[in-house]
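Subject: A structure for you to explore

Hi there,

Here is the structure I promised to pass on to you. Have a look around it first, then read my notes below.

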Amino acid sequence: IVGLAETYHIKLQLCLGLYGMYSGDYWPYNPYNKNAIKSDGTSMIGLTHGDCTSTDDFLTKSSAKTNHKNLLRYIIDRWGYSPNIFAWELFNEVNLITQNYSALVNWHKEMSDFMRVYDVYKRPISTSFAGGGDLSNDIEQRLNIISNMDYVQIHRYVSPNLPLTDPNYPGLTEDCKEVWFNETKKYTDKVIKPFLMAEAGY
């Protein structure tokens with residue numbers, strides 16, 4: 001992918017973690033899972049360094065964090081040379097993996113601090129939130145005031161001409177432009193950092 005980006009002059013925001021691998025149906029296959037299995041159902045015990053029994057373990061156990069830093073350092077060492085990687089996304093739709101928001105904040109601070117040290121080019125660092133996120137508990141605000149989190153990004157999909165379920169906009173129908181504008185304003189009013197609507201559609 002990085003090679004193709006260089007060939008076709010494309011800039012990448014390289015995503016380093018996908019929510020689905022740490023929650024729901026895919027957690028049993030995650031190598032951080034102590035009881036991980038292969039796709040054919042056979043055990044991976046002894047084949048990985050996984051010692052987590054939950055997503056919260058992945059976020060809080062020192063051994064899991066050390067393993068993840070090793071992965072991040074490998075990625076930086078292997079592909080960090082490329083000017084076509086313009087930013088790092090620590091997690092895709094991270095608010096879907098747990099409700100343990102303190103653990104999420106602490107994990108992002110530790111990993112973003114680590115990447116800032118080891119990426120000699122000091123690329124921007126971010127993480128993303130699904131569905132407009134949940135500013136009611138200020139998790140996005142708490143995450144994005146971390147000094148090494150350089151910009152805010154959310155993913156917002158809407159259903160044109162259907163009632164909006166978001167309680168922030170009672171009675172409003174989902175006009176795409178209006179929803180995206182309101183979501184952008186909601187974030188930029190609270191988080192004073194660059195903002196990116198990284199995924200949008202219907």
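Among contacts in the protein between residues at least 6 apart in sequence, what percentage join residues at least 24 apart? The answer is 66%. Please keep in mind that this is a predicted model.

Let's begin with the overall layout. The protein has 6 helices and 6 strands, and along the sequence they come in the order α-β-α-α-β-α-β-β-α-β-α-β. Of the 202 residues, 45% are buried. The protein exposes about 10700 Å², and 57% of that comes from carbon and sulfur atoms.

Next, the aromatic rings. A search of the whole structure turns up 9 aromatic pairs. In one of them, the ring centres of Y22 and Y32 are 6.3 Å apart with their planes at 35 degrees, so this pair is tilted. Y22 and Y32 are 10 residues apart, and both sit in the loop between strand 1 (12-15) and helix 2 (55-60). Both of these tyrosines are buried.

Y32 also pairs with F58: their ring centres are 4.9 Å apart and their planes stand at 65 degrees, so this pair is edge-to-face. Here the partners are 26 residues apart, with Y32 in the loop and F58 in helix 2. F58 is buried, just like Y32. If you follow the ring pairs further, you will find Y22, Y32, F58, F91 and W107 linked into a cluster.

W107 brings us to helix 4, which covers residues 101-118. At 1.5 Å a residue, its 18 residues should span 26 Å, and the end C-alpha atoms are indeed 26 Å apart, so the two values agree. W107 is one of the buried residues in this helix; others include Y101, L104, H108, M111 and F114. An α-helix has 3.6 residues a turn, so residues three or four places apart point the same way. The buried residues of helix 4 pack against helix 2, helix 3 (62-79), strand 2 (85-89), strand 3 (125-126) and helix 5 (139-144).

Finally, try finding S128, which belongs to strand 4 (residues 128-130). Is S128 buried or exposed? Its relative accessibility is 0%, so S128 counts as buried. A polar atom of the S128 side chain lies 2.9 Å from the backbone nitrogen of E93. Leaving aside residues up to four places away in sequence, S128 touches E89, F91, N92, E93, V94, N95, Q153 and H155. F91 in that list is also a member of the aromatic cluster.

Enjoy exploring!

Best wishes

How values were computed:
Residues numbered from 1 in each chain as written. Predicted model: local features only at pLDDT ≥ 70, side-chain atom pairs only at ≥ 80, totals over all residues. Heavy atoms only, no water. Phe/Tyr/Trp six-rings, centres within 6.5 Å; stacked < 30°, edge-to-face > 60°. Helix = DSSP H or I, 4+ residues; strand = E, 2+ residues; numbered from the N terminus. Buried < 20%, exposed > 50% of the residue type's maximum accessible area, 1.4 Å probe, protein only. Expected span 1.5 Å × (residues − 1). Contact = heavy atoms within 4.5 Å. Polar contact = N/O pair within 3.5 Å; in protein donor to acceptor, adjacent residues only side chain to side chain. Areas by Shrake-Rupley, 256 points an atom, 1.4 Å probe, with all protein chains shown as cover.
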